[in-house]
Amino acid sequence: MTEMQKDRPWLFRTYAGHSTAKASNELYRGNLAKGQTGLSVAFDLPTQTGYDSDHELARGEVGKVGVPVSHLGDMRMLFDNIPLEQMNTSMTINATAPWLLALYIAVAQEQGADITALQGTVQNDIIKEYLSRGTYICPPAPSLRMITDVAAFTREHLPKWNPMNVCSYHLQEAGATPEQELAFALATATAVLDDLKDKVPAEHFPEMVGRISFFVNAGIRFVTELCKMRAFVELWDEICEKRYGVADPKFRRFRYGVQVNSLGLTEQQPENNVYRILIEMLAVTLSKNARARAVQLPAWNEALGLPRPWDQQWSLRMQQILAYESDLLEYDDLFDGNPAVTRKVEALKDGARAELAQIDGMGGAVAAIDYMKSRLVESNAERITRIEGGETIVVGVNRWQAGEPSPLTAGDEAIMVADPDAEADQIARLTAWRASRDNDAVKAALARLRQAAASGENIMHASIEAARAGATTGEWGDMVRAAFGQYRGPTGVSKNPSNRTEGLEDIRAQVDAVSDKLGRRLKFLVGKPGLDGHSNGAEQIAARARDCGMDISYEGIRLTPAEIVTAAQEEDAHVVGLSILSGSHMPLIAELMDRMAAAGLGHVPVVVGGIIPEPDAQRLLAMGVARVYTPKDFELNRIMFDIVGLVDPAPVAAE
């Protein structure tokens, strides 16, 4: 009997990077030794938003959600003893994608690599940053131009590199329905391709269509998610053929990587997350015709804090067992001809086409950013309402909360803590880098970069020159900001209350009563200090407070503590609510509390939400924070009652 030929498995990745380039390099080499077959680089928020590690806005954010890369020396250290010519590297970078790719190319050339052999991806999807993650810098039009600059450059110089990873992952994290996830991602891809058409020769355009890849999310409703992936495959083939006239089927292939859902990872009974991650992985691996090209899995404890190397290893082993111990890769597609799957796929395609028609009618994805953002906020509110009401069951959260204490979370080392000295170390090396470089060469390279940005020339060539000269991430960002201006994206939170007032009668009555005592409407200021752009929580708190009758003020992301305190003064806020998910809560809240006291606002209650370990929560309460909320606090109405109670000295309780 002839043994059946198995398919090659997908790339095994873990999304990693923290503290410093040196620490992250050690982590990468360790993961590669354990059988990981591709790198997926997480950058910290200053790097993602074009600031150096010593910038005011970078305080507390350095090395927290990823690795800081401020200059060529950092990139060199990050890939020390990792031959880039042999590597497949995915860099989750968007607004600063041209710059990080320039640094990567410069390091590869230092290693003696043939850059035409480089393989990998830059995410380079700025539209989803306006909708869900917030690491944008510039307005949409010049941002789109830089995306297609990267694409045009890779066509000519990096033929094996994917210049864009259209990212629907964060759309689902922000509350997108499967139909919205399909439509908004496909609308982004068409916006990019429409702009790219004029930048590459017509005969090469089908090949460039074939190099657009996608990065998706797979949630717990795994049959729906599996059907969503099959719908993605079929819709993309349809768009490539009908809209762009791509004749070769290989250039119409839907190529995607995936990280399964982090939104559904629970702080309560976190060991259950192992099963969630496995089930979600099946959605993107079982169907051969819609199988992911690369898979990265979160760790079971990411709702608690930074995963340890062992936690990441556990997720890697999950992939390896499915690929190598099971017989999955020995068979044709298991779902072709399945009537239930076919019905669901067609329904999802119909819903996505309707959304795409709406977006096209508005002028495409760039013109429809405000519309798409408001749709996401509303969809997320509906999702949360279903969990609060028990319509959507989440095991260990709103059902079967009782259970045995988990031995996995016992002890002080159950989660990894970022090196507290990493920020100072990074800043010291950045200072030394600036002192040792040829400043005249840097100034000339930056002037050239500014000229390229203003003239419409492809920004990649000047970016590579600046990288080699020793320019920094913040200096590159300053040139881009100077040329194109900065941008504040829409919040998606309307001032007008929604129709979702069912179940809010008691809290609305309490808000009315307290407002009568105050002589004006209870004023609730919601702020996001620092560079954290994950605004979903802040948006939902602001929207629920609005629907409860409060006068809300929410201006969106990326505010300094000083700006929030000024706003609290000017708005005469009764309560200030802060949301931080990047791990920078301690230094940012400490500064804000000091500024509140200095401004004579020490009496105004401050509430804080985020991924905050219990010891940090106790420290925040000790410095005067009135309430601390973490992902386990999913009942927004209870939070609303707490806020009213902080303003009204009379006791207020949830019914």
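1. In this predicted model, the lining of the second largest pocket draws at least two residues from each of the strands β1 (11-13), β4 (88-92), β5 (119-122), β6 (161-162), β8 (212-218), β9 (256-260) and β10 (294-296), and likewise at least two from the helix α9 (205-210).

2. The space in this second largest pocket comes to about 1200 Å³. Its lining is made up of 44 residues, and those closest to the centre of the pocket are R255, Y256, A292, R293 and A294.

3. As for the chemical character of that lining, the residues of the second largest pocket divide into 18 nonpolar, 14 polar and 12 charged.

4. Turning to the backbone, R558 deserves a look when the model is inspected, since this residue is not a glycine and yet has a positive phi of about 65 degrees. R558 is found in the loop that runs between β12 (551-554) and α21 (561-571). Because its relative accessibility is 12%, and the cut-off for buried is under 20%, R558 counts as buried.

5. A second residue to inspect is D572, which also is not a glycine and has a positive phi, here of about 55 degrees. D572 is placed in the loop between α21 and β13 (575-579). Is D572 buried, partly exposed or exposed? With a relative accessibility of 46%, D572 falls between the cut-offs of 20% and 50%, and therefore counts as partly exposed.

Key. Residues are numbered from 1 along each chain as its sequence is written. This is a predicted model: local features need pLDDT of at least 70, side-chain atom pairs count only at pLDDT 80 or more; totals for chains, interfaces and linings use all residues. Side-chain values use heavy atoms; hydrogens and water are left out. Helices (H or I, at least four residues) and strands (E, at least two) are DSSP runs, numbered from the N terminus. Buried means under 20% relative accessible area, exposed over 50%, partly exposed in between (1.4 Å probe, protein chains only). On a 1 Å grid over the protein atoms alone, a cavity is a set of points where a 1.4 Å probe fits but cannot get out, and a pocket is an open set with protein on both sides within 12 Å along at least five of seven lines; lining residues have an atom within 4 Å of a point. Grid points are joined across faces, edges and corners, and a volume is the space filled by probe spheres set on the points. Ala, Val, Leu, Ile, Met, Phe, Trp, Tyr, Cys and Pro count as nonpolar, Asp, Glu, Lys and Arg as charged, and the others, Gly among them, as polar.
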